[in-house]
Amino acid sequence: MAALAMYSAELYARVLSDPPAFQRTGSVEVTRSADTLRLLARKREVALAGGIDAELVSPERLTKLVPYLDSDGLAGGLFIPDDGVLDVRRLLQALHEAAQDHGLAFREGVQVIDFARDGDRITGVITDQGTIFASRVIVAVGIWGRELAGKAGLDLALYPVQHPYLQTKPLPRVVTGEMRPFVRDLDNLFYLREHGDRLGYGWYNHSPLAAEVDTTIKADLAYEDRKFDAALSYDLFPILEQTGSCRKLNGIFSMTPDGAPLLGQVDGAKGLWVAEAVWVTHAGAVGKAMAECILDRSPSFDITQFHLDRFASMDEQSRRHASMSLYNDIYAWPAETGDPAQVQIKGSKAVNHDRLSLL
Ligand SMILES: Cc1cc2nc3c(=O)[nH]c(=O)nc-3n(C[C@H](O)[C@H](O)[C@H](O)COP(=O)(O)OP(=O)(O)OC[C@H]3O[C@@H](n4cnc5c(N)ncnc54)[C@H](O)[C@@H]3O)c2cc1C
């Protein structure tokens, strides 16, 4: 996963450079606890060994890096200077144009309803505007993936979950244009970043909430405060209590039982592939690997560990439970043992760790 993230960040920086879509703002992971700081020291070693620059920083340094962070009460943090924030809209536009320059045609506003078949081979997609024939089809429709893949008889272990993301009103005196590192509060499972001239923030420290997804649902739900009731990091960011939030999003993203993507070819449906539960953090590399696979080239990244039927021995209830529990462990990471499956900061075990390593 770290290799996927590193390649993706490098790709995003290369595609658009003036001004860059991917801004290397750096990130800091902070904690109030000496124990967690020791884990961060270990994480630093793991990062350095993997070629990722990382530095343990004092509370004083944290306030210099992020002036609106009140570091009183913090034990310290881990600074990763090459982390960054992506302007997804601009990046997608640039990729879209580059693909068109290479002869790719896009059909927008078309809904795929089912797959066209010839025996056990998928021969295209049936849409609300007719059938489009294709020798290779990839299901890459985000939170709607389980329903669509089900049309091909595939039972994807994909579980959409609700996630809050709030923004303050514009704060031109605070958010000055030169982006500061984004912050992850590991004790409160809370993050904060600059978003245009606002601060944006979200948290995982609330009961995981599944989202029932069908073709009619949009990518966000109604925001209700009580759903996400949790202790926010007001001690670190008093400015949030003063300003409040004026934009509230209840977004939906995909979880899987091990927090990793679902990538690969569908057994029993020749010509059909899946690329689901892919975070932006890893998407550039996943796109490259999937393109190589469907062209029968060997992929630049080993995606066999993400194969689609790796949860076949789990029943539906266990898969759902594991996926939902992982939501609260989204900031867990491999520490002392170096074995991701054995490591926790708080909560239950998690194999999901380095989705947070670069973005
Ligand atoms: C609040 C929030 C914060 C997040 N923060 C981060 C972050 O910091 N870092 C990160 O890496 N990720 C983050 N994510 C997750 C990230 O946004 C998703 O993982 C990513 O957008 C998934 O991309 P995708 O292309 O797979 O799916 P999507 O972006 O959802 O695209 C799927 C597309 O398929 C289309 N589609 C669906 N069904 C059909 C159909 N039947 N026929 C035709 N088209 C169809 C949809 O209309 C949509 O355009 C966040 C998500 C949320 C909600």
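Start at the ligand: the shell around the ligand has 15 nonpolar, six polar and no charged residues by class. Keep in mind as you go that this is a predicted model.

**Stop 1: around the ligand**

Select the ligand and show its neighbours. You should find 21 residues surrounding the ligand, and the closest are Val-141, Gly-142, Gly-251, Trp-279 and Val-280. Now colour by secondary structure. Strand S10, strand S15 and helix H7 each supply at least two residues of this shell. Which element gives the largest share of the shell? Strand S15 does, with four residues.

**Stop 2: the two domains**

Next, give each domain its own colour. Domain 1 is made of residues 2-88 and 159-255, while domain 2 is made of residues 107-158 and 258-327. Each domain is written as two stretches of the chain, so select both stretches before you colour. If you mark the C-alpha centres of domain 1 and domain 2, you will see that they lie 28 Å apart.

Where does the ligand sit relative to the two domains? Both domain 1 and domain 2 give residues to the shell around the ligand, so the ligand lies between them.

**Stop 3: where the domains touch**

Stay with the two colours and look at the contact between the domains. Domain 1 brings 23 residues to this contact and domain 2 brings 21 residues. On the side of domain 1 that touches domain 2, the elements giving two or more residues are helix H1 (2-15), strand S10 (159-167) and strand S15 (247-255). Helix H1 gives the most to that side, with seven residues. By class, this side of domain 1 has 19 nonpolar, three polar and one charged residues.

**Stop 4: helix H1 meets helix H7**

Select residues 2-15 for helix H1 and residues 280-294 for helix H7. Two packed helices are described by the angle between their axes and the distance between the axes. Here, H1 and H7 pack at an angle of about 85 degrees, with their axes 7 Å apart. That makes H1 roughly perpendicular to H7.

Now show the residues that meet:

- From H1, pick Leu-4, Ala-5, Tyr-7, Ser-8, Leu-11 and Tyr-12.
- From H7, pick Thr-281, His-282, Ala-283, Gly-284, Ala-285 and Val-286.

The residues of this contact divide into eight nonpolar, four polar and no charged.

**Stop 5: a sheet of three strands**

Turn to the open sheet, where three strands run in the order S9-S17-S16 with mixed pairing. Which strands stand at the edges? Strand S9 (137-139) and strand S16 (262-265) do; each has a single partner strand, so one side of each is left without a neighbour in the sheet. From one strand to the next, the twist averages 20 degrees.

Zoom in on S16 and strand S17 (residues 272-276), which pair in the antiparallel sense over four bridges. To see one bridge up close, select Gly-264 and its bridge partner in S17, Val-274. Then bring helix H7 back into view: H7 packs on the sheet, touching S9, S16 and S17, and the direction of H7 makes about 175 degrees with that of S17.

**Stop 6: two backbone details**

Finish with two loops. Pro-19 is in the loop between H1 and strand S1 (22-23). The peptide bond from Asp-18 to Pro-19 is cis, with omega near -5 degrees.

Then select Leu-189, found in the loop between strand S11 (182-185) and strand S12 (190-195). Leu-189 has a positive phi of about 50 degrees although it is not a glycine.

Note on methods:
Residues are numbered from 1 along each chain as its sequence is written. This is a predicted model: local features need pLDDT of at least 70, side-chain atom pairs count only at pLDDT 80 or more; totals for chains, interfaces and linings use all residues. Two residues are in contact if their C-beta atoms, placed from the backbone, lie within 7 Å. Ala, Val, Leu, Ile, Met, Phe, Trp, Tyr, Cys and Pro count as nonpolar, Asp, Glu, Lys and Arg as charged, and the others, Gly among them, as polar. Two strands pair if DSSP finds at least two bridges between them. Axes are lines fitted to C-alpha atoms, for helices over the stretch in contact, and angles run from 0 to 180 degrees between N-to-C directions. Angles under 35 degrees count as roughly parallel, over 145 as roughly antiparallel, 65 to 115 as roughly perpendicular and the rest as oblique. A residue is near a molecule or strand if its C-beta atom, placed from the backbone, lies within 6 Å of it.
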